[in-house]
Amino acid sequence: MAGEVQLTGTLARPALPALPTQQVVYLLLDITATPAVAHVQMPVNVGFVLDHSGSMKGDKMRCVREATQRALGLMGPQDIVSVVIFDHRRETIISAQPVHNVAALQAEVGKIKDAGGTKIAPALEAALNEVRRSQNANTISRIILLTDGQTEGERDCLRLAEEIGKANVPLTALGVGDDWNEDLLIEMANRSGGVAEYFSNPNDIASFFQGAVQQAQSAVVQNAALTLRFVQGVEPRALWQVTPLIQQLAYRPISDRAVGVSLGDVSKDEHRMVLIEMLVDPKQAGQYRLGQIEVNYDIPQMQVVGEKARYDVMLNFVADPTQATAVVPQVMNIVEKVSAHKLQTRALEDLAEGNIGAATQKLQGAVTRLLNQGETDLAQTMQQEIENLQQNGQMTSAGQKTIKFGTRKTVRLSDLDLPKS
């Protein structure tokens, strides 16, 4: 049946002046599951891949054990779990099995102790094999990797991340502390269709593990994909996912005036927001249909396959510039947060090429935007790293990680109280 997913949009400016030049138009799209799917919960198939090398000794190891045990407490007999631990070797301490006896599984996790070096790839391969044993179309599969160190065999990690992605098992790649390669984990997550995250405080791991399991259980809308069809004179310039994390979306051409982008799974508890940046050719005064956006989706638990929801993009042009509407602050705030993320990304690219001056300039631009949006803590960290660059020619490992991951998480629920179009 139709109506399981709602598609709405908010333009940054609902009315523009009719100018003789091309104009940039921002549209914030909201993809939301409706109450029709509130009763649905997905069985999950989760493989944990946990670093227990010597550097995990103390609070990190304790927090990982407790986080995994608490995540297990959210699962039941309909769910499948496996746990692989690694140092310079791998060991499967819980083979893939239904979560019948939570206490017994938690006791196994409680026995994990720190020892040895760090080698991720063999453990990742073992976890994928465990998850595949119980994978099916009616189960949400995930692999959750946590490490605190540099690993041997980075090429093997990337190869396995691609294999994990092809198996439709998104990888959540997590780093704790400062001594790990964030670029590797981010690339692994990207290749698998998953996400990467950073914890400076090990005590934050538990809430993340619980949230990851709950998000998978709520991912009732599957295989979601957007199709954007534009009229002549309108073209997309960029698409950005802004929740749950800021991330540029790659889109593929479908026809001369249509593009498509995959969204994957959508939780029934989330707003999946996408910022669309368009270029619009000059228009005379009047109301115009810029195009239509369609989301296609499946809900296997309800036997829904290939259902659609649509949204027509309408924009007014006015002859009198004074009648053009002011910007919608909520949308422009999100545009600014995306801009800050873009600036820090380009700054780190400049830094990797040895261009400290260009990197500093872009980071300063990001600081200004973050301060304007009230992101003072992140802006202060970035300002400190600018000073480190100017004085020492490099950033601290902790500061660089905070900047990379922090600018992706600046859009919050409080930003999403949008006027209805």
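Angles under 35 degrees between helix axes count as roughly parallel, and this cut-off is what the description of helix 5 and helix 10 rests on: the two pack at an angle of about 25°, and they are therefore roughly parallel to each other. The model discussed here is a predicted one, and its secondary structure comes to 10 helices and 17 strands. With a radius of gyration of 23 Å, close to the 22 Å that the globule rule gives for 421 residues, the protein is as compact as a globular protein of that length. The C-alpha trace spans about 70 × 60 × 35 Å along its principal axes.

**Helix packing**

- Two packed helices are described by the angle between their axes and the distance between the axes.
- For helix 5, which covers residues 182-192, and helix 10, which covers residues 397-406, the axes lie 11 Å apart, alongside the angle of about 25° already given.
- On the helix 5 side the contact is made by E182, D183 and I186, which meet Q400, K401, K404 and F405 of helix 10; by character, the residues of this contact divide into two nonpolar, one polar and four charged.
- Helix 5 also packs with helix 4 (residues 154-166), where the axes come within 7 Å and cross at roughly 25°, and these two helices are therefore likewise roughly parallel to each other.
- The crossing of helix 4 and helix 5 is right-handed, and its contact draws on E154, C157, L158, A161, E162, I164 and G165 of helix 4 together with L184, E187, M188, R191 and S192 of helix 5.
- The residues of the contact between helix 4 and helix 5 comprise six nonpolar, two polar and four charged.

**The six-strand sheet**

- Strands of a sheet pair through backbone hydrogen bonds, either parallel or antiparallel.
- One open sheet is formed by six strands in the order 2-17-16-10-14-13, and its pairing is mixed.
- Strand 2 (15-17) and strand 13 (252-255) are the edge strands of this sheet, each pairing on one side only, while the twist from one strand to the next averages 30°.
- Within the sheet, strand 10 (residues 221-230) and strand 14 (residues 258-266) run antiparallel and are joined by seven bridges; L226 has V261 in strand 14 as its bridge partner.

**The five-strand sheet**

- Another open sheet, of five strands, follows the order 1-3-15-11-12 with antiparallel pairing.
- Strand 1 (5-11) and strand 12 (247-248) stand at its edges, each with a single partner strand, so one side of each is left without a neighbour in the sheet.
- Strand 11 (residues 234-241) and strand 15 (residues 271-280) run antiparallel, with seven bridges joining them, and V234 stands opposite V280 of strand 15.

**Backbone geometry**

- Most residues other than glycine have a negative phi, and most peptide bonds are trans.
- N223, a residue other than glycine, has a positive phi near 55°, and its place is in strand 10, the strand that is joined by seven bridges to strand 14.
- The peptide bond between T243 and P244 is cis, with omega about 0°, and P244 has its place in the loop between strand 11 and strand 12.

Notes. Residues are numbered from 1 along each chain as its sequence is written. This is a predicted model: local features need pLDDT of at least 70, side-chain atom pairs count only at pLDDT 80 or more; totals for chains, interfaces and linings use all residues. Side-chain values use heavy atoms; hydrogens and water are left out. Axes are lines fitted to C-alpha atoms, for helices over the stretch in contact, and angles run from 0 to 180 degrees between N-to-C directions. Helices (H or I, at least four residues) and strands (E, at least two) are DSSP runs, numbered from the N terminus. Angles under 35 degrees count as roughly parallel, over 145 as roughly antiparallel, 65 to 115 as roughly perpendicular and the rest as oblique. Contact means heavy atoms within 4.5 Å. Ala, Val, Leu, Ile, Met, Phe, Trp, Tyr, Cys and Pro count as nonpolar, Asp, Glu, Lys and Arg as charged, and the others, Gly among them, as polar. A crossing is left-handed if the near helix is turned anticlockwise from the far one by less than a right angle, and right-handed if clockwise. Two strands pair if DSSP finds at least two bridges between them. The radius of gyration is taken over C-alpha atoms; the globule rule is 2.2 Å times the number of residues to the power 0.38.
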